[in-house]
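Please look over the model shown here, with attention to how its helices and sheet are arranged.

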Amino acid sequence: MASSFLLHADKGCDKDTWPDTLQGTRQLYDNWAKTYDPELKQHGYNGPTATVKALVKWVPDKTARFMDIACGTGLIGEELLKAGYSSIDGLDMSTESIKICKEKNIYGRLVCSEVTTNRLDIDNDTYDVTVCVGCFVPHHMNEECFPELARITKPGGFLVITMKQAYFDTSEDYNYGGKFEAAIQSMVQQGKWEVVARDHVEGYFGEHDGVTLVFKIM
């Protein structure tokens with residue numbers, strides 16, 4: 001019988017099955033951590049692989065320093081290592097997921113924190129690349145954290161976001177859509193970043209397609 005966590009995965013983290021608070025989302029990930037990797041692989045989660053495939057053409061330097069935001073149990077870190085990158089830090093709000101990351105020995109520094117409008121315990125201009133995969137979901141992260149993600153990334157560096165296409169497209173259903181695009185363009189107008197790529201990700205999560213956005217920090 002499928003677990004309750006697989007229900008979230010099968011529906012692509014649909015708002016009707018997802019927790020309705022940030023605290024609830026943190027608890028879900030804590031409870032999910034031990035079975036997260038095999039369950040997502042079973043349901044065809046392609047986000048980490050697609051993201052690294054998209055960013056290698058923008059980041060040829062294998063010594064580049066990465067921050068993996070909402071790193072979870074380290075799936076993105078594993079793909080970065082396979083691609084030849086080795087300087088990788090991670091951040092996640094789930095203490096149980098952080099424990100698994102430590103066991104995998106992928107990351108240098110691991111930070112346990114949520115990502116909101118509050119300042120993270122990370123200096124300005126620290127990372128060459130900041131990656132966010134699968135974390136722009138209801139009651140987890142939203143467009144309000146864009147300035148903070150840009151702040152920790154070096155000028156000339158990249159912010160890479162991969163997310164479910166429906167969240168990006170449908171403002172009425174997911175409260176992203178129009179707000180998300182408006183926030184992207186606001187950052188462009190403020191001279192914070194430029195949009196250098198928007199890649200369609202077929203089969204991002206089972207039958208659900210996704211989008212990878214690449215921003216160059218100014």
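The report below follows one helix and its surroundings.

This is a predicted model, in which local features need pLDDT of at least 70 and side-chain atom pairs count only at pLDDT 80 or more, while totals for chains, interfaces and linings use all residues. Residues are numbered from 1 along each chain as its sequence is written, and side-chain values use heavy atoms, with hydrogens and water left out.

Helices (H or I, at least four residues) and strands (E, at least two) are DSSP runs, numbered from the N terminus. Seven of the nine residues of helix 3 (residues 47–55) are buried, so this helix is largely enclosed by the rest of the structure; buried means under 20% relative accessible area with a 1.4 Å probe, protein chains only. The buried residues are G47, P48, A50, T51, V52, A54 and L55, and they pack (contact means heavy atoms within 4.5 Å) against the elements tabulated here.

| Element | Residues |
|---|---|
| strand 1 | 65–69 |
| helix 4 | 75–82 |
| strand 4 | 127–133 |
| strand 5 | 153–164 |
| strand 6 | 193–205 |
| strand 7 | 208–217 |

Helix 3 and helix 4 pack at an angle of about 40°, with their axes 9 Å apart; axes are lines fitted to C-alpha atoms over the stretch in contact, and angles run from 0 to 180 degrees between N-to-C directions. The contact is made by P48, T49, V52 and L55 of helix 3 together with L75, I76, E79 and L80 of helix 4.

The seven strands form an open sheet of order 3-2-1-4-5-7-6 with mixed pairing, where two strands pair if DSSP finds at least two bridges between them. Its edge strands are strand 3 (110–112) and strand 6, each of which pairs on one side only.

Definitions and conventions
Buried < 20%, exposed > 50% of the residue type's maximum accessible area, 1.4 Å probe, protein only.
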